[in-house]
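Hi everyone, thanks for making room for me today. I'd like to walk you through one chain, from its cores out to its sheets and then to its cysteines. Here it is on the screen.

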Amino acid sequence: MVLVKGFMVPLKSVKKCQPSSTVEEVLDLMMESHISCLVIVVNERPTGIVTKTDMCWCYRNKIPLDSQVGDIMPWTAGIKRIRDNIDRDAAAKFFEKHHVHHALVVDENEVPVGLISALDIATEVAKDARAWPWIRNESGRVEMPS
């Protein structure tokens with residue numbers, strides 16, 4: 001079974017914003033990058049995730065585009081973290097249990113190493129289906145069954 005670290009987005013590739021970023025800046029970056037979330041960082045430390053769903057909430061509640069995301073995000077909820085050494089199915093159960101679509105991936109020392117989304121998990125399921133009758137190892141490479 002493929003582990004999370006085999007298909008997560010590495011932290012260096014994750015798009016980020018600051019609490020001082022405006023709703024408009026966040027929306028622009030999401031649309032330009034074709035992504036559904038940004039990681040909010042303070043001093044290079046991930047502190048939250050802002051999603052397209054959050055941006056829909058802003059629209060529905062008529063939040064001005066020049067509002068800072070740090071003023072409107074629910075900081076009390078915290079950022080969901082998932083270990084990089086769990087398998088894809090355990091990650092899916094984590095998402096279901098916590099009712100989230102994105103999580104920060106951390107290593108054994110709780111150091112952030114990446115980001116994972118529900119779409120990433122679904123994509124991995126589809127890759128498994130296409131790999132049959134071969135198998136995929138923990139890093140996601142296709143191998144002949146032994």
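Let me start with a term. By a nonpolar core I mean a set of buried Ala, Val, Leu, Ile, Met, Phe, Trp, Tyr and Cys residues joined through side-chain atoms within 4.5 Å. Buried, in turn, means under 20% relative accessible area. And please keep in mind that this is a predicted model.

With that in hand, which residues have the most contacts inside the largest nonpolar core? They are Val 4, Ile 82, Phe 95 and Ile 116, in a core of 13 residues. Helix 4, residues 88-98, and strand 6, residues 102-106, each supply at least two residues of this core. The largest share, three residues, comes from helix 4. There is another core apart from this one, with 12 residues, including Val 23, Leu 38, Cys 58 and Ile 72.

Phe 95 is a nice place to park the camera. Leaving aside residues up to four places away in sequence, Phe 95 touches Ile 82, Val 100, His 101, His 102, Ala 103, Ile 116, Ser 117, Ala 118 and Ile 121.

Now let's zoom out for a moment. The chain has five helices and nine strands. Reading from the N terminus, the elements go β-β-α-β-β-α-α-β-α-β-β-α-β-β. The C-alpha trace spans about 60 × 30 × 25 Å along its principal axes. Of the 146 residues, 39% count as buried. For those of you who like contact maps: among contacts between residues at least 6 apart in sequence, 52% join residues at least 24 apart.

On to the sheets, and I'll begin with the four-stranded one. This open sheet has the strand order 1-7-6-5, with mixed pairing. At its edges are strand 1, residues 9-10, and strand 5, residues 81-83, and each of these pairs on one side only. Strand 5 and strand 6 run parallel and are joined by three bridges, with Arg 81 opposite Leu 104 in strand 6. Helix 4 lies across strand 5, strand 6 and strand 7, the last being residues 112-117, and helix 4 runs at about 160 degrees to strand 5.

The other sheet I want to show is an open one of three strands, in the order 2-3-4, again with mixed pairing. Its edge strands are strand 2, residues 16-17, and strand 4, each pairing on one side only. Strand 2 runs parallel to strand 3, and two bridges join them; here Cys 17 stands opposite Ile 40 in strand 3. Helix 1, residues 23-33, packs on this sheet and touches strand 2, strand 3 and strand 4, with its direction at about 130 degrees to that of strand 3.

Strand 3, residues 37-42, pairs with strand 4 in the antiparallel sense over six bridges. Val 42 stands opposite Arg 45 in strand 4. The hairpin of strand 3 and strand 4 has two residues between the strands, and Asn 43 takes a positive phi near 55 degrees there. Is strand 4 mostly covered or mostly uncovered? It is mostly covered: six of the seven residues in strand 4, residues 45-51, are buried.

Next, a residue I got a bit attached to, His 102. His 102 sits in strand 6 and is buried, at a relative accessible area of 11%. The side chain of His 102 makes a polar contact with the side chain of Ser 36, at 2.9 Å. Again leaving aside residues up to four places away in sequence, the residues that His 102 touches are Ser 36, Cys 37, Ile 49, Thr 51, Lys 80, Phe 95, Ile 116 and Ser 117.

That list brings us to the cysteines. How many disulfides does the structure hold? Zero. Cys 17 is in no disulfide, and the nearest cysteine sulfur, on Cys 37, is 9.6 Å away. Cys 37 is likewise in no disulfide, its nearest cysteine sulfur being that of Cys 17 at 9.6 Å. A disulfide needs the two sulfur atoms within 2.5 Å, so this pair does not count as one. Are these two cysteines buried or exposed? Cys 17 is buried, because its relative accessible area is 6%, and Cys 37 counts as buried at 7%.

That's my tour, and I'm happy to take questions.

Note on methods
Residues are numbered from 1 along each chain as its sequence is written. This is a predicted model: local features need pLDDT of at least 70, side-chain atom pairs count only at pLDDT 80 or more; totals for chains, interfaces and linings use all residues. Side-chain values use heavy atoms; hydrogens and water are left out. Buried means under 20% relative accessible area, exposed over 50%, partly exposed in between (1.4 Å probe, protein chains only). Contact means heavy atoms within 4.5 Å. A polar contact is a pair of N or O atoms within 3.5 Å; within protein, one must be able to donate a hydrogen and the other to accept it, and residues adjacent in sequence count only if both atoms are side-chain atoms. Two strands pair if DSSP finds at least two bridges between them. Axes are lines fitted to C-alpha atoms, for helices over the stretch in contact, and angles run from 0 to 180 degrees between N-to-C directions.
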